[in-house]
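Hi everyone, thanks for making the time. I'd like to walk you through one structure, and I'll put it up on the screen now.

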Amino acid sequence: HDLADYAYVQINDTHPSMCIPELMRILLDDYDYSWEKAWDITTKVFAYTNHTIMAEALEKWSVDLFAPILPRVFTIIREINNRFCQHCNEIGASSDLESMSIIHNNMIRMANLCIVGSYNVNGVSGLHSDILKADTFKEFNEIYPGRFNNVTNGIAHRRWLGQANPELTSYLNGLLGGDFIKDLSNIEELLKYADDKTVLDDLEKIKHTKKEQLAKYIKDANGINVDIDSIFDVQVKRLHEYKRQLLNALHIVYLYRQIKFNGLRPRPRTFIFAAKASSGYVMAKNIIKFICTLSDMIEADPLVRDYIKVVFLEDYRVTLAEIIIPGANVSEQISQAGKEASGTGNMKLMLNGALTLGTLDGANVEIAELAGAENIYTFGKDSESIIKLYETAGYVSKEYYENDKEIKRAVDFILNPAVVKLGNKTRLERLYNELLNKDWFMTLIDFNAYVEAKEQILADYEDQDSWNEKVVHNIAKAGFFSSDRTIAQYNADIWHCEG
(Lines give C-alpha, C1' and ligand atoms only; values in the text may rest on other atoms or scores of the structure.)
Protein backbone atom coordinates (compact mmCIF):
# COMPACT_ATOMS: atom_id res chain seq x y z
CA HIS A 1 0.00 0.00 0.00
CA ASP A 2 2.96 2.34 0.46
CA LEU A 3 5.07 1.09 -2.45
CA ALA A 4 5.52 4.63 -3.82
CA ASP A 5 7.27 5.59 -0.59
CA TYR A 6 10.05 3.16 -1.49
CA ALA A 7 10.24 2.88 -5.28
CA TYR A 8 9.51 4.69 -8.52
CA VAL A 9 9.55 3.23 -12.02
CA GLN A 10 10.59 5.54 -14.85
CA ILE A 11 9.11 4.31 -18.14
CA ASN A 12 11.75 4.94 -20.79
CA ASP A 13 9.62 5.58 -23.91
CA THR A 14 6.70 3.27 -24.70
CA HIS A 15 8.72 0.04 -24.87
CA PRO A 16 8.19 -1.03 -21.21
CA SER A 17 4.62 0.35 -20.98
CA MET A 18 3.06 -3.00 -20.05
CA CYS A 19 4.60 -2.63 -16.60
CA ILE A 20 1.55 -0.48 -15.72
CA PRO A 21 -1.12 -3.16 -16.28
CA GLU A 22 1.27 -5.81 -14.94
CA LEU A 23 1.56 -4.03 -11.59
CA MET A 24 -2.23 -3.72 -11.59
CA ARG A 25 -2.46 -7.49 -12.20
CA ILE A 26 -0.13 -8.25 -9.29
CA LEU A 27 -2.03 -5.96 -6.92
CA LEU A 28 -5.46 -7.20 -8.03
CA ASP A 29 -4.82 -10.93 -8.44
CA ASP A 30 -1.95 -11.72 -6.08
CA TYR A 31 -2.70 -9.24 -3.27
CA ASP A 32 -6.50 -8.88 -3.56
CA TYR A 33 -6.58 -5.10 -3.64
CA SER A 34 -9.68 -3.37 -4.93
CA TRP A 35 -9.42 -1.73 -8.34
CA GLU A 36 -9.51 1.75 -6.80
CA LYS A 37 -6.73 1.02 -4.32
CA ALA A 38 -4.57 -0.79 -6.87
CA TRP A 39 -4.94 2.10 -9.33
CA ASP A 40 -4.08 4.63 -6.63
CA ILE A 41 -0.85 2.74 -5.83
CA THR A 42 0.05 2.22 -9.51
CA THR A 43 -0.38 5.83 -10.55
CA LYS A 44 1.92 6.98 -7.75
CA VAL A 45 4.71 4.61 -8.83
CA PHE A 46 5.08 5.26 -12.57
CA ALA A 47 6.47 8.25 -14.45
CA TYR A 48 6.85 8.34 -18.22
CA THR A 49 9.62 9.82 -20.35
CA ASN A 50 8.58 10.43 -23.94
CA HIS A 51 11.53 10.40 -26.34
CA THR A 52 9.85 11.09 -29.65
CA ILE A 53 6.83 12.42 -31.46
CA MET A 54 7.44 10.06 -34.41
CA ALA A 55 4.35 7.93 -34.97
CA GLU A 56 6.28 4.70 -35.55
CA ALA A 57 7.97 5.05 -32.15
CA LEU A 58 4.71 5.67 -30.28
CA GLU A 59 3.90 1.99 -30.17
CA LYS A 60 0.54 0.61 -31.14
CA TRP A 61 -0.38 -3.07 -30.79
CA SER A 62 -3.23 -4.90 -32.47
CA VAL A 63 -5.88 -6.22 -30.07
CA ASP A 64 -6.08 -9.35 -32.22
CA LEU A 65 -2.39 -10.04 -31.56
CA PHE A 66 -2.25 -8.84 -27.97
CA ALA A 67 -5.38 -10.30 -26.38
CA PRO A 68 -4.76 -14.02 -27.12
CA ILE A 69 -1.18 -13.83 -25.85
CA LEU A 70 -1.84 -11.77 -22.72
CA PRO A 71 -5.55 -12.16 -22.00
CA ARG A 72 -5.50 -11.03 -18.37
CA VAL A 73 -3.27 -8.03 -19.04
CA PHE A 74 -5.55 -7.08 -21.92
CA THR A 75 -8.67 -7.13 -19.74
CA ILE A 76 -6.89 -4.79 -17.33
CA ILE A 77 -5.90 -2.40 -20.14
CA ARG A 78 -9.49 -2.47 -21.39
CA GLU A 79 -10.79 -1.63 -17.92
CA ILE A 80 -8.23 1.18 -17.54
CA ASN A 81 -9.49 2.58 -20.82
CA ASN A 82 -13.16 2.21 -19.89
CA ARG A 83 -12.65 4.09 -16.64
CA PHE A 84 -10.52 6.75 -18.31
CA CYS A 85 -13.17 7.33 -20.97
CA GLN A 86 -15.83 7.53 -18.28
CA HIS A 87 -13.71 10.13 -16.46
CA CYS A 88 -13.41 12.16 -19.67
CA ASN A 89 -17.20 12.09 -20.11
CA GLU A 90 -17.71 13.23 -16.53
CA ILE A 91 -15.42 16.25 -16.91
CA GLY A 92 -16.78 17.14 -20.35
CA ALA A 93 -13.73 16.10 -22.39
CA SER A 94 -15.60 13.44 -24.38
CA SER A 95 -15.13 15.30 -27.69
CA ASP A 96 -11.41 14.45 -27.49
CA LEU A 97 -11.87 10.74 -26.78
CA GLU A 98 -10.89 9.65 -30.27
CA SER A 99 -7.35 10.99 -29.80
CA MET A 100 -7.05 10.10 -26.11
CA SER A 101 -8.63 6.63 -25.92
CA ILE A 102 -6.09 3.91 -25.11
CA ILE A 103 -7.88 1.42 -27.38
CA HIS A 104 -8.96 2.82 -30.75
CA ASN A 105 -9.64 1.17 -34.10
CA ASN A 106 -8.75 -2.19 -32.55
CA MET A 107 -5.28 -0.92 -31.61
CA ILE A 108 -3.79 -0.42 -28.14
CA ARG A 109 -1.93 2.91 -28.00
CA MET A 110 0.88 2.52 -25.52
CA ALA A 111 1.77 6.21 -25.19
CA ASN A 112 -1.78 6.97 -24.11
CA LEU A 113 -1.58 4.13 -21.58
CA CYS A 114 1.66 5.57 -20.19
CA ILE A 115 0.18 9.05 -19.81
CA VAL A 116 -2.99 7.82 -18.10
CA GLY A 117 -1.10 5.46 -15.78
CA SER A 118 1.71 7.82 -14.72
CA TYR A 119 1.88 10.71 -12.29
CA ASN A 120 4.40 12.62 -14.42
CA VAL A 121 5.24 12.86 -18.12
CA ASN A 122 8.37 14.57 -19.39
CA GLY A 123 9.96 15.40 -22.70
CA VAL A 124 13.72 15.45 -23.22
CA SER A 125 14.40 19.00 -24.45
CA GLY A 126 12.67 22.31 -23.94
CA LEU A 127 11.28 22.45 -27.48
CA HIS A 128 10.23 18.80 -27.45
CA SER A 129 8.34 19.19 -24.19
CA ASP A 130 6.59 22.30 -25.51
CA ILE A 131 5.48 20.37 -28.61
CA LEU A 132 4.16 17.51 -26.48
CA LYS A 133 1.98 19.94 -24.52
CA ALA A 134 0.88 22.16 -27.40
CA ASP A 135 0.42 19.56 -30.13
CA THR A 136 1.16 15.84 -29.73
CA PHE A 137 -0.61 15.35 -26.39
CA LYS A 138 -2.52 18.62 -26.23
CA GLU A 139 -5.77 17.05 -25.01
CA PHE A 140 -4.02 15.10 -22.24
CA ASN A 141 -2.22 18.25 -21.10
CA GLU A 142 -5.57 19.99 -20.76
CA ILE A 143 -7.17 17.33 -18.57
CA TYR A 144 -3.99 16.65 -16.56
CA PRO A 145 -2.65 20.16 -15.86
CA GLY A 146 0.84 20.07 -14.37
CA ARG A 147 1.53 16.45 -15.34
CA PHE A 148 3.78 17.40 -18.29
CA ASN A 149 7.25 18.90 -17.78
CA ASN A 150 10.77 18.81 -19.20
CA VAL A 151 14.06 17.14 -18.33
CA THR A 152 16.66 17.80 -21.03
CA ASN A 153 18.77 14.79 -21.95
CA GLY A 154 22.38 14.46 -20.88
CA ILE A 155 25.43 12.44 -21.85
CA ALA A 156 28.01 10.36 -19.97
CA HIS A 157 30.88 12.82 -20.28
CA ARG A 158 33.27 10.43 -18.54
CA ARG A 159 32.97 8.26 -21.64
CA TRP A 160 32.50 10.89 -24.34
CA LEU A 161 35.31 13.16 -23.17
CA GLY A 162 37.31 11.33 -20.51
CA GLN A 163 37.59 8.05 -22.40
CA ALA A 164 37.10 9.11 -26.02
CA ASN A 165 39.42 12.11 -25.95
CA PRO A 166 42.20 11.59 -23.40
CA GLU A 167 44.35 14.23 -25.12
CA LEU A 168 41.77 16.97 -24.58
CA THR A 169 40.93 15.67 -21.10
CA SER A 170 44.56 15.74 -19.99
CA TYR A 171 45.07 19.22 -21.41
CA LEU A 172 41.99 20.66 -19.73
CA ASN A 173 42.94 19.02 -16.43
CA GLY A 174 46.28 20.77 -16.52
CA LEU A 175 44.80 24.08 -17.67
CA LEU A 176 41.77 24.31 -15.39
CA GLY A 177 42.96 22.52 -12.30
CA GLY A 178 39.43 21.65 -11.13
CA ASP A 179 38.06 18.13 -11.41
CA PHE A 180 35.65 18.67 -14.30
CA ILE A 181 35.46 14.92 -14.93
CA LYS A 182 33.80 14.58 -11.54
CA ASP A 183 31.68 17.70 -12.03
CA LEU A 184 31.39 18.82 -15.64
CA SER A 185 30.05 22.24 -14.67
CA ASN A 186 33.67 23.13 -13.76
CA ILE A 187 34.56 23.06 -17.45
CA GLU A 188 33.05 26.54 -17.78
CA GLU A 189 36.34 27.85 -16.38
CA LEU A 190 37.67 27.42 -19.92
CA LEU A 191 35.89 30.66 -20.90
CA LYS A 192 38.73 32.57 -19.24
CA TYR A 193 40.94 31.46 -22.12
CA ALA A 194 38.57 32.28 -25.00
CA ASP A 195 40.99 34.84 -26.44
CA ASP A 196 44.24 33.24 -25.26
CA LYS A 197 46.26 32.58 -28.43
CA THR A 198 48.34 29.84 -26.80
CA VAL A 199 45.26 27.93 -25.64
CA LEU A 200 43.56 28.33 -29.01
CA ASP A 201 46.64 26.92 -30.75
CA ASP A 202 46.85 24.05 -28.28
CA LEU A 203 43.20 23.13 -28.88
CA GLU A 204 43.83 23.19 -32.61
CA LYS A 205 46.80 20.81 -32.20
CA ILE A 206 44.67 18.38 -30.18
CA LYS A 207 41.93 18.49 -32.83
CA HIS A 208 44.57 17.78 -35.48
CA THR A 209 45.74 14.72 -33.51
CA LYS A 210 42.17 13.38 -33.28
CA LYS A 211 41.66 13.99 -36.99
CA GLU A 212 44.83 12.01 -37.73
CA GLN A 213 43.47 9.09 -35.69
CA LEU A 214 40.13 9.25 -37.50
CA ALA A 215 41.86 9.51 -40.89
CA LYS A 216 43.82 6.34 -40.13
CA TYR A 217 40.60 4.51 -39.30
CA ILE A 218 39.01 5.73 -42.54
CA LYS A 219 42.02 4.53 -44.54
CA ASP A 220 41.98 1.13 -42.85
CA ALA A 221 38.20 0.68 -43.07
CA ASN A 222 37.33 2.28 -46.42
CA GLY A 223 40.65 2.58 -48.26
CA ILE A 224 40.18 6.35 -48.69
CA ASN A 225 42.96 8.83 -47.99
CA VAL A 226 41.54 12.01 -46.48
CA ASP A 227 43.26 15.37 -46.08
CA ILE A 228 43.89 16.10 -42.39
CA ASP A 229 43.71 19.83 -43.14
CA SER A 230 40.29 19.51 -44.74
CA ILE A 231 37.14 20.38 -42.78
CA PHE A 232 35.82 17.19 -41.16
CA ASP A 233 32.07 17.54 -41.56
CA VAL A 234 30.34 14.80 -39.54
CA GLN A 235 26.80 13.41 -39.51
CA VAL A 236 26.61 10.33 -37.30
CA LYS A 237 23.21 9.17 -36.11
CA ARG A 238 20.46 6.71 -36.91
CA LEU A 239 19.51 6.82 -40.59
CA HIS A 240 16.03 8.28 -40.81
CA GLU A 241 14.38 10.59 -43.32
CA TYR A 242 13.56 13.17 -40.63
CA LYS A 243 17.28 13.44 -39.73
CA ARG A 244 17.77 14.43 -43.38
CA GLN A 245 21.04 12.77 -44.29
CA LEU A 246 19.61 13.20 -47.80
CA LEU A 247 19.82 17.00 -47.46
CA ASN A 248 23.51 16.62 -46.66
CA ALA A 249 23.97 14.37 -49.70
CA LEU A 250 22.19 16.83 -51.99
CA HIS A 251 24.54 19.57 -50.83
CA ILE A 252 27.46 17.31 -51.71
CA VAL A 253 25.94 16.97 -55.19
CA TYR A 254 25.67 20.77 -55.39
CA LEU A 255 29.31 21.12 -54.35
CA TYR A 256 30.41 18.40 -56.77
CA ARG A 257 28.73 20.21 -59.66
CA GLN A 258 30.28 23.55 -58.68
CA ILE A 259 33.75 21.99 -58.73
CA LYS A 260 33.20 19.83 -61.81
CA PHE A 261 31.47 22.35 -64.07
CA ASN A 262 31.82 25.86 -62.61
CA GLY A 263 35.51 26.07 -61.72
CA LEU A 264 35.08 26.18 -57.94
CA ARG A 265 38.28 25.33 -56.07
CA PRO A 266 37.38 25.45 -52.36
CA ARG A 267 39.19 24.36 -49.21
CA PRO A 268 38.92 20.56 -49.14
CA ARG A 269 36.08 19.05 -47.14
CA THR A 270 35.64 15.52 -45.85
CA PHE A 271 32.02 14.49 -45.33
CA ILE A 272 31.77 11.65 -42.84
CA PHE A 273 28.58 9.62 -42.37
CA ALA A 274 27.91 6.72 -40.06
CA ALA A 275 24.50 5.26 -39.36
CA LYS A 276 22.37 2.20 -39.00
CA ALA A 277 18.93 1.73 -40.54
CA SER A 278 16.02 -0.42 -39.51
CA SER A 279 16.12 -3.67 -41.49
CA GLY A 280 12.80 -3.00 -43.18
CA TYR A 281 13.30 0.72 -43.80
CA VAL A 282 13.62 0.83 -47.59
CA MET A 283 14.05 4.60 -47.95
CA ALA A 284 16.85 4.64 -45.39
CA LYS A 285 18.68 1.95 -47.31
CA ASN A 286 18.16 3.88 -50.55
CA ILE A 287 19.76 6.94 -48.96
CA ILE A 288 22.72 4.90 -47.69
CA LYS A 289 23.24 3.45 -51.17
CA PHE A 290 23.12 6.93 -52.70
CA ILE A 291 25.73 8.27 -50.27
CA CYS A 292 28.03 5.31 -50.92
CA THR A 293 27.58 5.75 -54.66
CA LEU A 294 28.55 9.43 -54.37
CA SER A 295 31.64 8.35 -52.45
CA ASP A 296 32.67 5.92 -55.18
CA MET A 297 32.00 8.41 -57.97
CA ILE A 298 33.95 11.24 -56.33
CA GLU A 299 36.87 9.01 -55.41
CA ALA A 300 37.14 7.96 -59.06
CA ASP A 301 37.14 11.56 -60.31
CA PRO A 302 40.69 13.03 -60.32
CA LEU A 303 39.38 16.60 -60.61
CA VAL A 304 36.90 16.52 -57.72
CA ARG A 305 38.48 14.11 -55.24
CA ASP A 306 41.12 16.63 -54.14
CA TYR A 307 38.34 18.89 -52.85
CA ILE A 308 35.67 16.48 -51.62
CA LYS A 309 35.79 13.15 -49.88
CA VAL A 310 32.64 11.28 -48.90
CA VAL A 311 33.03 8.52 -46.32
CA PHE A 312 30.29 6.20 -45.08
CA LEU A 313 31.63 4.16 -42.17
CA GLU A 314 29.84 0.87 -41.63
CA ASP A 315 28.86 -0.85 -38.39
CA TYR A 316 28.23 2.35 -36.44
CA ARG A 317 28.54 1.72 -32.71
CA VAL A 318 29.80 3.37 -29.53
CA THR A 319 33.45 2.38 -30.01
CA LEU A 320 33.40 3.82 -33.55
CA ALA A 321 31.65 6.98 -32.34
CA GLU A 322 34.48 7.42 -29.82
CA ILE A 323 36.88 7.71 -32.78
CA ILE A 324 34.69 9.89 -35.01
CA ILE A 325 33.31 12.45 -32.57
CA PRO A 326 36.62 13.86 -31.21
CA GLY A 327 37.85 14.38 -34.79
CA ALA A 328 34.88 16.40 -36.03
CA ASN A 329 35.04 20.07 -36.96
CA VAL A 330 31.37 20.40 -37.92
CA SER A 331 28.47 18.68 -36.20
CA GLU A 332 25.55 18.09 -38.57
CA GLN A 333 22.25 18.36 -36.65
CA ILE A 334 19.92 19.07 -39.56
CA SER A 335 16.70 17.27 -38.66
CA GLN A 336 13.43 18.76 -39.79
CA ALA A 337 12.48 21.23 -37.07
CA GLY A 338 10.11 19.73 -34.52
CA LYS A 339 11.00 16.11 -35.21
CA GLU A 340 14.16 15.56 -33.13
CA ALA A 341 13.15 15.22 -29.49
CA SER A 342 16.57 16.11 -28.15
CA GLY A 343 19.56 14.41 -29.67
CA THR A 344 22.65 13.48 -27.69
CA GLY A 345 25.18 13.28 -30.51
CA ASN A 346 24.91 17.07 -30.73
CA MET A 347 26.02 17.26 -27.07
CA LYS A 348 28.92 14.81 -27.51
CA LEU A 349 30.22 16.67 -30.55
CA MET A 350 29.87 20.04 -28.81
CA LEU A 351 31.85 18.77 -25.81
CA ASN A 352 34.66 17.65 -28.13
CA GLY A 353 34.93 21.01 -29.87
CA ALA A 354 32.84 20.59 -33.02
CA LEU A 355 30.63 23.50 -34.03
CA THR A 356 26.97 22.73 -34.55
CA LEU A 357 25.32 23.23 -37.93
CA GLY A 358 21.67 22.69 -37.23
CA THR A 359 18.03 23.54 -37.40
CA LEU A 360 16.40 24.99 -34.31
CA ASP A 361 15.28 21.57 -33.21
CA GLY A 362 15.61 19.46 -30.08
CA ALA A 363 18.54 20.37 -27.84
CA ASN A 364 20.08 22.46 -30.64
CA VAL A 365 17.93 25.25 -29.22
CA GLU A 366 19.56 24.88 -25.81
CA ILE A 367 23.04 24.61 -27.37
CA ALA A 368 22.42 27.96 -29.09
CA GLU A 369 21.21 29.51 -25.83
CA LEU A 370 24.18 28.22 -23.84
CA ALA A 371 27.07 28.66 -26.28
CA GLY A 372 25.63 31.77 -27.90
CA ALA A 373 23.87 31.94 -31.26
CA GLU A 374 27.02 33.48 -32.74
CA ASN A 375 29.00 30.34 -31.88
CA ILE A 376 26.89 27.83 -33.81
CA TYR A 377 25.30 27.83 -37.26
CA THR A 378 21.52 27.63 -37.57
CA PHE A 379 19.31 27.60 -40.63
CA GLY A 380 15.91 26.60 -41.93
CA LYS A 381 12.24 26.79 -41.03
CA ASP A 382 11.31 26.73 -37.34
CA SER A 383 9.05 24.10 -35.77
CA GLU A 384 5.96 26.33 -35.70
CA SER A 385 6.24 27.00 -39.43
CA ILE A 386 6.68 23.29 -40.14
CA ILE A 387 3.64 22.33 -38.03
CA LYS A 388 1.52 24.88 -39.92
CA LEU A 389 2.71 23.51 -43.26
CA TYR A 390 1.62 20.02 -42.22
CA GLU A 391 -1.75 21.30 -41.04
CA THR A 392 -2.42 23.17 -44.29
CA ALA A 393 -0.67 20.75 -46.68
CA GLY A 394 1.34 23.81 -47.61
CA TYR A 395 4.52 22.08 -48.71
CA VAL A 396 4.72 20.62 -52.23
CA SER A 397 8.21 19.39 -53.03
CA LYS A 398 7.66 19.46 -56.79
CA GLU A 399 7.10 23.23 -56.63
CA TYR A 400 10.57 23.69 -55.12
CA TYR A 401 11.99 21.35 -57.75
CA GLU A 402 10.36 23.18 -60.64
CA ASN A 403 11.05 26.73 -59.42
CA ASP A 404 14.69 26.46 -58.35
CA LYS A 405 17.37 25.50 -60.88
CA GLU A 406 19.94 24.41 -58.30
CA ILE A 407 17.45 22.18 -56.49
CA LYS A 408 16.36 20.66 -59.82
CA ARG A 409 19.96 19.99 -60.83
CA ALA A 410 20.76 18.37 -57.48
CA VAL A 411 17.67 16.15 -57.53
CA ASP A 412 18.10 15.21 -61.19
CA PHE A 413 21.68 14.17 -60.43
CA ILE A 414 20.30 11.19 -58.53
CA LEU A 415 19.45 9.68 -61.93
CA ASN A 416 22.58 10.91 -63.71
CA PRO A 417 23.89 8.04 -65.88
CA ALA A 418 27.25 8.10 -64.07
CA VAL A 419 25.48 7.69 -60.72
CA VAL A 420 23.13 4.99 -62.00
CA LYS A 421 26.05 3.08 -63.50
CA LEU A 422 27.82 2.93 -60.12
CA GLY A 423 24.68 2.58 -58.01
CA ASN A 424 21.43 0.66 -57.99
CA LYS A 425 18.94 1.94 -60.57
CA THR A 426 15.84 0.74 -58.73
CA ARG A 427 16.90 2.30 -55.43
CA LEU A 428 17.89 5.57 -57.10
CA GLU A 429 14.59 5.81 -58.99
CA ARG A 430 12.66 5.24 -55.76
CA LEU A 431 14.69 7.94 -54.04
CA TYR A 432 14.11 10.39 -56.90
CA ASN A 433 10.37 9.73 -57.03
CA GLU A 434 10.05 10.01 -53.26
CA LEU A 435 11.66 13.45 -53.30
CA LEU A 436 9.45 14.72 -56.10
CA ASN A 437 6.14 13.23 -55.07
CA LYS A 438 6.21 13.11 -51.27
CA ASP A 439 9.29 14.36 -49.36
CA TRP A 440 7.38 14.05 -46.11
CA PHE A 441 10.22 15.55 -44.07
CA MET A 442 10.67 18.54 -46.37
CA THR A 443 14.24 17.99 -47.55
CA LEU A 444 13.96 20.63 -50.25
CA ILE A 445 12.39 23.41 -48.19
CA ASP A 446 15.67 24.20 -46.39
CA PHE A 447 18.08 23.43 -49.24
CA ASN A 448 19.12 27.01 -50.07
CA ALA A 449 19.42 28.05 -46.44
CA TYR A 450 21.56 24.97 -45.81
CA VAL A 451 23.89 25.79 -48.71
CA GLU A 452 24.29 29.35 -47.38
CA ALA A 453 25.12 28.09 -43.89
CA LYS A 454 27.72 25.71 -45.32
CA GLU A 455 29.34 28.55 -47.23
CA GLN A 456 29.48 30.64 -44.06
CA ILE A 457 31.22 27.79 -42.27
CA LEU A 458 33.75 27.53 -45.09
CA ALA A 459 34.50 31.24 -44.88
CA ASP A 460 34.72 31.31 -41.08
CA TYR A 461 37.04 28.29 -40.93
CA GLU A 462 39.75 30.29 -42.70
CA ASP A 463 40.20 32.41 -39.57
CA GLN A 464 41.40 29.69 -37.23
CA ASP A 465 41.66 31.90 -34.16
CA SER A 466 38.09 33.09 -34.53
CA TRP A 467 36.92 29.53 -35.21
CA ASN A 468 38.69 28.22 -32.10
CA GLU A 469 37.17 30.97 -29.97
CA LYS A 470 33.80 29.52 -30.97
CA VAL A 471 35.15 26.08 -30.07
CA VAL A 472 36.10 27.30 -26.59
CA HIS A 473 32.60 28.67 -25.98
CA ASN A 474 31.06 25.37 -27.02
CA ILE A 475 33.31 23.18 -24.86
CA ALA A 476 32.99 25.51 -21.88
CA LYS A 477 29.19 25.60 -22.03
CA ALA A 478 28.72 21.85 -22.47
CA GLY A 479 28.60 21.23 -18.72
CA PHE A 480 24.81 21.56 -18.66
CA PHE A 481 24.53 18.44 -20.81
CA SER A 482 26.11 16.08 -18.29
CA SER A 483 23.83 13.16 -17.43
CA ASP A 484 24.74 13.91 -13.80
CA ARG A 485 22.62 17.06 -14.12
CA THR A 486 19.88 15.14 -15.89
CA ILE A 487 19.58 12.50 -13.17
CA ALA A 488 19.74 15.15 -10.43
CA GLN A 489 16.89 16.96 -12.17
CA TYR A 490 14.81 13.79 -12.46
CA ASN A 491 15.27 13.30 -8.73
CA ALA A 492 14.53 16.91 -7.81
CA ASP A 493 11.48 17.28 -10.04
CA ILE A 494 10.01 13.77 -10.29
CA TRP A 495 11.35 11.09 -7.91
CA HIS A 496 12.14 13.07 -4.74
CA CYS A 497 14.38 10.26 -3.47
CA GLU A 498 16.45 11.01 -0.40
CA GLY A 499 20.23 10.71 -0.76
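Let me begin with a question: which side chain meets Glu 22 in a salt bridge? It's Arg 25, with an N to O distance of 2.9 Å. Please keep in mind throughout that this is a predicted model.

If you find helix H1, residues 19-30, you'll see that it holds both Glu 22 and Arg 25. They sit 3 residues apart, or about one turn of the helix. Glu 22 itself is partly exposed, at 29% relative accessible area.

That pair is part of a longer list, since the structure holds 26 salt bridges. I've picked a few to show you.

Let's go to Glu 455 and Arg 269, whose side chains meet in a salt bridge at 3.9 Å, N to O. Here the two partners come from distant parts of the chain, 186 residues apart. Glu 455 belongs to helix H22, residues 447-461, and Arg 269 to strand E9, residues 269-274. Is Arg 269 buried or exposed? Arg 269 counts as buried, with 4% relative accessibility, whereas Glu 455 is partly exposed at 32%.

Another one to look at is Glu 299 with Lys 309, a salt bridge of 3.1 Å, N to O. Glu 299 is in helix H13, residues 282-299, and Lys 309 is in strand E10, residues 308-313, so this salt bridge ties together parts that are 10 residues apart in sequence. On the Glu 299 side we have a partly exposed residue, at 25% relative accessible area. Lys 309, on the other hand, counts as buried at 13% relative accessibility. And while we're on charged groups, Glu 36, Glu 79 and Arg 83 are joined into one network by salt bridges that share partners.

Now for the cysteines. How many disulfides does the structure hold? The number is 0. Take Cys 19 as an example: the closest cysteine sulfur is in Cys 114, and at 6.9 Å it is too far away for a bond. The cut-off for a disulfide is two cysteine sulfur atoms within 2.5 Å. Seen from the other side, Cys 114 is in no disulfide either, with the sulfur of Cys 19 as its nearest, 6.9 Å away. The surroundings of the two are worth a glance as well: Cys 19 is partly exposed at 23% relative accessibility, while Cys 114 is buried at 0%.

Next, please rotate to the surface. Met 18, Trp 61, Leu 65, Ile 69 and Leu 70 form a nonpolar patch there, and together they have about 440 Å² of accessible area. Where does Leu 70 lie? It is in the loop between helix H3 (63-69) and helix H4 (71-90). Its relative accessible area is 30%, which makes Leu 70 partly exposed.

On to a sheet. This one is open, has 3 strands in the order E3-E5-E4, and its pairing is antiparallel. Why is one side of E3 and of E4 left without a neighbour in the sheet? Strand E3 (60-62) and strand E4 (103-104) stand at the edges, and each has a single partner strand. Looking at one pairing in detail, E4 joins strand E5, residues 107-109, over 2 bridges in the antiparallel sense. Ile 103 has Ile 108, in E5, as its bridge partner.

The loop between E4 and E5 contains Asn 106. Have a look at its backbone: phi of Asn 106 is near 65°, a positive value in a residue other than glycine. Asn 106 is partly exposed, with 38% relative accessible area. Asp 315 also has a positive phi, near 55°, and again this is a residue other than glycine. You'll find Asp 315 in the loop between E10 and helix H14 (318-324), where it counts as partly exposed at 43% relative accessibility.

One last stop, and it's another loop residue. Asn 375 lies between helix H16 (364-371) and strand E13 (377-378). What does the side chain of Asn 375 reach? It reaches the backbone oxygen of Ala 371, at 2.7 Å. Asn 375 counts as buried, with 6% relative accessibility.

That's my tour. Thanks for listening, and I'm happy to go back to any of these views.

Note on methods:
Residues are numbered from 1 along each chain as its sequence is written. This is a predicted model: local features need pLDDT of at least 70, side-chain atom pairs count only at pLDDT 80 or more; totals for chains, interfaces and linings use all residues. Side-chain values use heavy atoms; hydrogens and water are left out. Buried means under 20% relative accessible area, exposed over 50%, partly exposed in between (1.4 Å probe, protein chains only). Patches are made of residues with over 30% relative accessible area and no salt bridge: like charges are joined within 9 Å, nonpolar side chains (Val, Leu, Ile, Met, Phe, Trp, Tyr) within 5 Å. Accessible areas come from the Shrake-Rupley method with a 1.4 Å probe; for residues, only the protein chains shown count as cover. A salt bridge is a side-chain nitrogen of Lys or Arg within 4 Å of a carboxyl oxygen of Asp or Glu. Helices (H or I, at least four residues) and strands (E, at least two) are DSSP runs, numbered from the N terminus. Two strands pair if DSSP finds at least two bridges between them. A polar contact is a pair of N or O atoms within 3.5 Å; within protein, one must be able to donate a hydrogen and the other to accept it, and residues adjacent in sequence count only if both atoms are side-chain atoms.
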